[in-house]
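Grab a pencil and open the viewer. Here are a few exercises on reading a fold, each with a solution to check yourself against.

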Amino acid sequence: MKRIKITDTKMTAIAANADAIVAALYAVNGRSNSFCITTWSEVVEAAKDAEKALAGIPKAGRIGTILSYRLAGPSANRYGYRANATLIWIERTSSGWYLRDATMSTVYPREAALFEITITPTTRDAIVKAALAPFTLHPVTPV
C-alpha cells in the first residue's frame, strides 16, 4: 500500500486525501462495516489521539512512531463468535501522519480496542529526556 498523508505537522487534516484513504479502507473492508474503520474522519481522529498521547515529547522525537489501531469487538457475548475488523497502521513523519497500511483483522466479543504506539529508540530517548528534565543529577562521591 502506498502511504497516504492524513495530517500535517499542525494536525490539520488533509481533506484532499480523503477519497484515497476511503478507497484504501474499502479495498480492505469490502462490504464489511461493523467493527471496521470506514471513514476518513476515523483515521484522522486516530492520528489526533496518537499526537495527544505523544504530547510532551519534542516533535523531532516523534518521528518514526507507529500507531496500530483497531476498534473494539462486539459488546455482547451473545454475538458468539469472532467478527471482522479493520486494523490500520499510521506513521508519524517530520511532515505529519501517514496511513501506512490497513488490513482485515479479527475481534472477539468484549475484546478491547487496540491503540498501541510503537516508538523508535530516538523517541524513547526523547521521552526519557523530557521525564528527567526537572531533575538535576547528584554527583556521587565514593565512600
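The exercises below work through a predicted model, from one strand out to the core.

**Exercise 1.** Find out which strands pair with β3, and in which sense.

*Solution.* Start with β2: it pairs with β3 in the antiparallel sense, over 5 bridges. Within that pairing, Leu67 sits opposite Ile90. Now go to β4, which also runs antiparallel to β3, this time over 11 bridges. Here Glu91 stands opposite Tyr98. Finally, look at the turn: β3 and β4 make a hairpin, with 2 residues between them.

**Exercise 2.** Decide whether Glu91 is buried or exposed, and find its side-chain polar partner.

*Solution.* First, place the residue: Glu91 belongs to strand β3. Next, check its relative accessibility, which is 15%. Buried means under 20%, so Glu91 counts as buried. Its strand fits that picture: 9 of the 11 residues of β3 are buried, so β3 is largely enclosed by the rest of the structure. Last, look for a partner: the side chains of Glu91 and Arg3 are joined by a polar contact of 3.5 Å. Other residues that Glu91 touches include Gly64, Thr65 and Trp97.

**Exercise 3.** Work out which element gives the most residues to the largest nonpolar core.

*Solution.* The core has 22 residues, and Ile90 is among those with the most contacts inside it, along with Val43 and Trp97. Elements giving two or more residues include β1, α1 and β3. The top contributor is α2, with 5 residues. Now follow Ile90 outward: its contacts include Ile6, Val43, Ala46, Ala47 and Leu99.

Terms used. Residues are numbered from 1 along each chain as its sequence is written. This is a predicted model: local features need pLDDT of at least 70, side-chain atom pairs count only at pLDDT 80 or more; totals for chains, interfaces and linings use all residues. Side-chain values use heavy atoms; hydrogens and water are left out. A nonpolar core is a set of buried Ala, Val, Leu, Ile, Met, Phe, Trp, Tyr and Cys residues joined through side-chain atoms within 4.5 Å. Buried means under 20% relative accessible area, exposed over 50%, partly exposed in between (1.4 Å probe, protein chains only). Helices (H or I, at least four residues) and strands (E, at least two) are DSSP runs, numbered from the N terminus. Contact means heavy atoms within 4.5 Å. A polar contact is a pair of N or O atoms within 3.5 Å; within protein, one must be able to donate a hydrogen and the other to accept it, and residues adjacent in sequence count only if both atoms are side-chain atoms. Two strands pair if DSSP finds at least two bridges between them. Lists of a residue's contacts leave out its neighbours within four places in sequence.
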